[in-house]
2 protein chains.
Amino acid sequence: MKKKPATIKEIARKLKISASTVSRALNDHPSIGLVTTMRVKNMAQELHYEPNQTAIFFKQRRTFTIGVILPSLSEPFFSSAISEIENVAGEQNYTVLMGQSHDDAERELQIIHTFKKHRVDGILMSLGKNTEDLSFVDMLKESEVPIVFFDCVPKIEGVNKVYSDLSSGMREAIQSFASIGHKNIALINGPENLLASQERADAYKQALLKEDIAFDEKYVVNTDLTEAGNIEAMEKLLLLSDRPSAIVSFNDFVTLDVIKYARQKGLVQKRDIFFISYANYPLWKYMENPPMGSIEQYPDRQARRAAEMLFAQIGSTEDMKPEAVVFESKLELKN
Amino acid sequence: MKKKPATIKEIARKLKISASTVSRALNDHPSIGLVTTMRVKNMAQELHYEPNQTAIFFKQRRTFTIGVILPSLSEPFFSSAISEIENVAGEQNYTVLMGQSHDDAERELQIIHTFKKHRVDGILMSLGKNTEDLSFVDMLKESEVPIVFFDCVPKIEGVNKVYSDLSSGMREAIQSFASIGHKNIALINGPENLLASQERADAYKQALLKEDIAFDEKYVVNTDLTEAGNIEAMEKLLLLSDRPSAIVSFNDFVTLDVIKYARQKGLVQKRDIFFISYANYPLWKYMENPPMGSIEQYPDRQARRAAEMLFAQIGSTEDMKPEAVVFESKLELKN
DNA sequence: TTGTAGGCGTTATCAT
DNA sequence: ATGATAACGCCTACAA
């Protein structure tokens with residue numbers, strides 16, 4: 001068991017003065033005499049006094065903590081994001097409570113409940129891939145815990161969110177492909193039910209249209225984002241009589257798998273086959289044969305903006321009108 | 001400002017019973033009648049009552065939070081580690097406060113202070129590369145905040161730590177090199193002042209000895225772990241008249257840089273030059289030409305063990321004798 | 001079975 | 001310039 005730390009009362013007792021005087025002295029209240037103040041401060045030192053913030057938090061109804069919920073820190077996107085969130089939080093004297101959902105909706109809810117119990121002053125969240133039930137949003141609104149979504153955001157209105165517009169990057173990707181003569185451009189998309197997949201699918205069609213390339217259903221395949229799924233999707237494309245010469249895929253992880261598979265099948269990148277995907281993970285720069293490009297989604301900017309929105313909410317007296325901030329995504333060509 | 005949430009008192013008032021009865025009913029105290037219990041619970045529901053944990057924490061002198069301090073989540077080693085820490089914490093109904101030091105000793109101290117203010121029940125920490133001043137350890141001991149170090153641990157006695165023995169992996173690495181005929185085996189080490197570097201250097205010498213290879217000073221170079229530093233170190237080795245045919249390097253990041261550089265110089269891996277490094281990052285499996293091997297340091301095992309040690313401390317009444325747990329590192333050959 | 005009272009550490013309010 | 005008191009929300013020994 002823990003020996004209890006020194007309290008204001010103890011200091012007061014030892015000095016035979018009142019607790020309020022001690023409190024004031026410690027906070028440099030002007031009405032306290034210099035001598036008393038010094039005496040108090042010395043005694044505080046001596047007893048290794050440290051204010052019990054939990055008591056203060058309790059009284060102030062503020063914990064100076066925010067909760068961050070995201071799918072997985074092992075994705076570079078999210079580890080970048082949380083770094084930036086921590087920076088912003090630090091600037092505001094806030095600390096970050098962490099929770100990884102691992103794309104499990106149940107776990108998300110559990111984390112939210114834990115955060116509520118801990119009375120976080122606000123929540124930043126990137127949704128898991130399978131989260132359907134958004135009723136927790138109302139629940140949080142009810143108890144006035146501000147929440148800001150980023151990256152993987154719900155499609156509903158009336159919530160604060162920061163995300164990236166996937167279509168700008170897709171347009172650049174398709175255009176880059178078209179400009180070097182590709183006609184058969186495929187899309188390896190994520191699970192169909194995902195909003196992120198739907199957006200990519202739409203953006204893909206739009207971009208093809210813009211380049212006067214006819215949309216052909218057979219060039220769109222889906223993966224469940226497992227390694228097996230990625231390879232299976234690629235296999236489907238390669239078996240087509242008129243196989244694609246260029247591929248946009250859901251994200252860099254997918255591309256990693258399919259590049260490897262293509263290599264095994266004897267295809268040489270940027271000769272037989274061209275790749276672009278979303279995320280722009282830093283590892284590409286080390287690859288001997290990186291894909292043609294990757295679409296940057298700016299995790300740090302998104303995260304910073306989302307955190308700033310959250311702190312604006314936390315700081316304000318009345319509730320603010322929900323805001324949706326969109327960052328353009330941008331193709332980065334490799335080599 | 002936040003509307004204050006329902007409290008036990010409110011429920012009591014509405015039901016015209018005492019707060020203690022409400023408290024007991026909510027906690028299913030056996031002495032409370034079934035009807036009362038139901039009435040209370042219903043009212044609690046209706047008012048969206050949720051116990052104010054901050055009040056409870058305050059009273060219990062326990063926050064059910066642990067603080068985790070590590071250099072950077074963008075290193076896969078640490079993101080694996082924190083995932084596992086979060087798992088263990090979850091099992092204990094604990095939540096994780098996060099702080100990245102970015103290898104800045106000042107920032108470490110600041111985080112520690114924040115954690116103390118938040119009255120975390122314990123701290124898990126992996127030291128930054130430049131941390132020299134360990135006086136915070138005594139400070140924490142003073143205030144009885146248990147701390148367990150992992151991975152990058154202080155060399156002092158009397159602290160709980162979990163780390164990996166780098167020498168076992170080094171031995172395997174050198175042995176693997178020697179077994180396929182390498183004699184000129186170099187070491188690209190980290191900054192000389194680092195404990196982690198010294199250990200590698202020692203292990204390197206020992207391992208050479210064991211293989212009956214003479215130690216030659218010129219084959220040991222240092223890098224500050226920046227890209228430029230890594231390349232510079234490699235350059236030095238390549239300029240040697242009798243350049244090494246095999247290289248052990250500080251970690252996979254270093255190897256990534258030097259592989260790239262070697263490639264630019266026209267060297268073909270596993271023909272002209274062979275690499276092994278520490279960390280065993282997952283990305284190797286995607287590389288067209290991965291290094292010969294990488295030494296696994298088991299971030300998840302280390303993290304789990306460290307977390308378990310911390311919770312043992314937190315749970316126990318008297319203070320326990322500090323323990324040092326060492327995991328062997330293990331070479332993983334690629335392809 | 002239920003109520004009363006006190007306390008956890010701090011601070012704000014009101015008094016002296 | 002300082003002290004006394006109450007209050008934040010919850011729990012629990014003790015009383016009824």
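The following exercises concern chain B of a predicted model.

**Exercise 1.** Determine how helix α1 (residues 8-15) of chain B is oriented against helix α2 (residues 19-26) of chain B, and which residues form the contact.

*Solution.* The axes of the two helices lie 8 Å apart and enclose an angle of about 110°. Angles of 65 to 115 degrees count as roughly perpendicular, and therefore α1(B) is roughly perpendicular to α2(B). The crossing of α1(B) past α2(B) is right-handed. On the side of α1(B), the contact is made by B:I8, B:I11 and B:A12, and on the side of α2(B) by B:A19, B:V22, B:S23 and B:L26. Sorted by class, these residues comprise six nonpolar, one polar and no charged.

**Exercise 2.** Decide whether B:S31 is buried or exposed, and describe its surroundings.

*Solution.* B:S31 belongs to the loop between α2 and α3 (34-46) of chain B. Its relative accessibility is 54%. Exposed means over 50%, so B:S31 counts as exposed. The side chain of B:S31 forms a polar contact of 3.0 Å with the side chain of B:H29. Between the C-alpha atoms of B:S31 and B:I66, which stand 35 residues apart along the chain, the separation is 35 Å.

**Exercise 3.** Decide whether B:N160 is buried or exposed, and identify its contacts beyond four places in sequence.

*Solution.* B:N160 is part of strand β5 (residues 160-165) of chain B. Because buried means under 20%, B:N160 counts as buried at 7% relative accessibility. Beyond its neighbours within four places in sequence, B:N160 contacts B:I147, B:V148, B:F149, B:M309, B:Q313, B:K321, B:P322 and B:E323. A polar atom of the B:N160 side chain lies 3.0 Å from the backbone nitrogen of B:E323.

Methods. Residues numbered from 1 in each chain as written. Chains lettered and ligands numbered in written order. Predicted model: local features only at pLDDT ≥ 70, side-chain atom pairs only at ≥ 80, totals over all residues. Heavy atoms only, no water. Axes fitted to C-alpha atoms, helices over the stretch in contact; angles between N-to-C directions. Helix = DSSP H or I, 4+ residues; strand = E, 2+ residues; numbered from the N terminus. Parallel < 35°, antiparallel > 145°, perpendicular 65-115°, else oblique. Left-handed = near helix turned anticlockwise from the far one by under 90°. Contact = heavy atoms within 4.5 Å. Nonpolar A, V, L, I, M, F, W, Y, C, P; charged D, E, K, R; others polar. Buried < 20%, exposed > 50% of the residue type's maximum accessible area, 1.4 Å probe, protein only. Polar contact = N/O pair within 3.5 Å; in protein donor to acceptor, adjacent residues only side chain to side chain.
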